[in-house]
Amino acid sequence: MSSERSYWVVGPGRAGTAFASVLAGAGVLVIGRSELAPDHPVMKLAGVRYATDYPGPPSPGTRVLLSVPDDTVAAVAAGLARLGEPGDGCVALHVSGALPASILEPLARRGYATGSLHPLQTLADPQRGAERLRGSFCTFEGDPAARNAATEIVEAAGGRMLEVHAADKARYHAACVFASNYVVACAAAATRLLSESVGVSREEAARALQPLWSGATANLEDPGLPQALTGPIARGDLETVRANLSALDDESRELYARLGLEALQLSRELGLDPATAEAVEAELRRNARGGTEQA
């Protein structure tokens, strides 16, 4: 097998260029739709090539990463399968956190070992994707025959691998959404409320809140959960919680209350007085429309 064909990365987007960067030393063929290679530092690395089409069925031992939007994975897999049988020992992995490995069934029928390999990392900036990817956890789901290839990729990134069953994939991905996307959504809500309450631009509000976000993130690392939680619910300050709720519009009030119920669980772990916790919970539930009762 030619060393520059050891990895194919199909889709030179944010995840694709990040993986290509950490695998460049083994030789990577990046496959995209644009006639021009992406304007990304990875394309300047030795051993990285760009093409707009497959050169044919992959050579023996090739690892193919499908780094394409979720709604195109099935079609891309079917197109790759139409190339014919790959060489011995080829592996195909998609990098979606939500889709099961079984979506690559057309490739499995052709003889590929198949799986999914999803990084637990946010890759918002294409230029810094490799930096973010290095040292991150990645989650594997799929054929045992594909596990070794996934492990090699994770080790090349200096990360660690977790495994998830297909039946748990949607719940797993929801955890990732909470950890990343909804953190950004909460930051957006905080920025809007601060901008409105003190009369500054959104940009100025975001700058003012940055130390608070950074401090909260640092606290999640050390001392960690549940000790990272601070604020009125952790203190059991019912009157402050009531004042916060009363100052918000309906949608923000419901969001505050629902997130507050999660914060209350942590507060109980921290030793919040049971009677105080019950009073705070009652106030939060009155404002969390449609909330379900907790045990």
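1. A good place to start in this predicted model is the right-handed β-α-β unit made by β5, helix α3 (residues 105-110) and β6. Within that unit, strand β5 (residues 91-94) and strand β6 (residues 113-119) run parallel and are joined by four bridges. Two pairs to look up on screen: L93 stands opposite G115 in β6, and H94 has S116 as its bridge partner.

2. On to the other neighbour of β6. Here the pairing with β7 is antiparallel, over five bridges. L117 is a handy landmark, with F140 in β7 as its bridge partner.

3. Do have a look at how β6 is packed. Seven of its seven residues are buried, so the strand is largely enclosed by the rest of the structure. In a regular strand, side chains alternate between the two faces of the sheet. Both faces of β6 are covered: one side carries A113, G115, L117 and P119, the other T114, S116 and H118, all of them buried.

4. Now for the sheet as a whole. It is open and mixed, with eight strands in the order β3-β2-β1-β4-β5-β6-β7-β8. At the edges sit β3 (48-51) and β8 (160-163), each pairing on one side only. From one strand to the next, the twist averages 25°.

5. Finally, two helices lying across the strands. Helix α5 (residues 144-156) lies across β1, β4, β5, β6, β7 (137-142) and β8, and runs at about 35° to β6. Helix α2 (residues 73-81) lies across β1 (7-10), β4 (63-66) and β5, at about 150° to β4.

Technical notes. Residues are numbered from 1 along each chain as its sequence is written. This is a predicted model: local features need pLDDT of at least 70, side-chain atom pairs count only at pLDDT 80 or more; totals for chains, interfaces and linings use all residues. Side-chain values use heavy atoms; hydrogens and water are left out. Two strands pair if DSSP finds at least two bridges between them. Axes are lines fitted to C-alpha atoms, for helices over the stretch in contact, and angles run from 0 to 180 degrees between N-to-C directions. Contact means heavy atoms within 4.5 Å. Buried means under 20% relative accessible area, exposed over 50%, partly exposed in between (1.4 Å probe, protein chains only). A crossover is right-handed if, with the strands pointing away from the viewer, the path from the first strand over the helix to the second runs clockwise.
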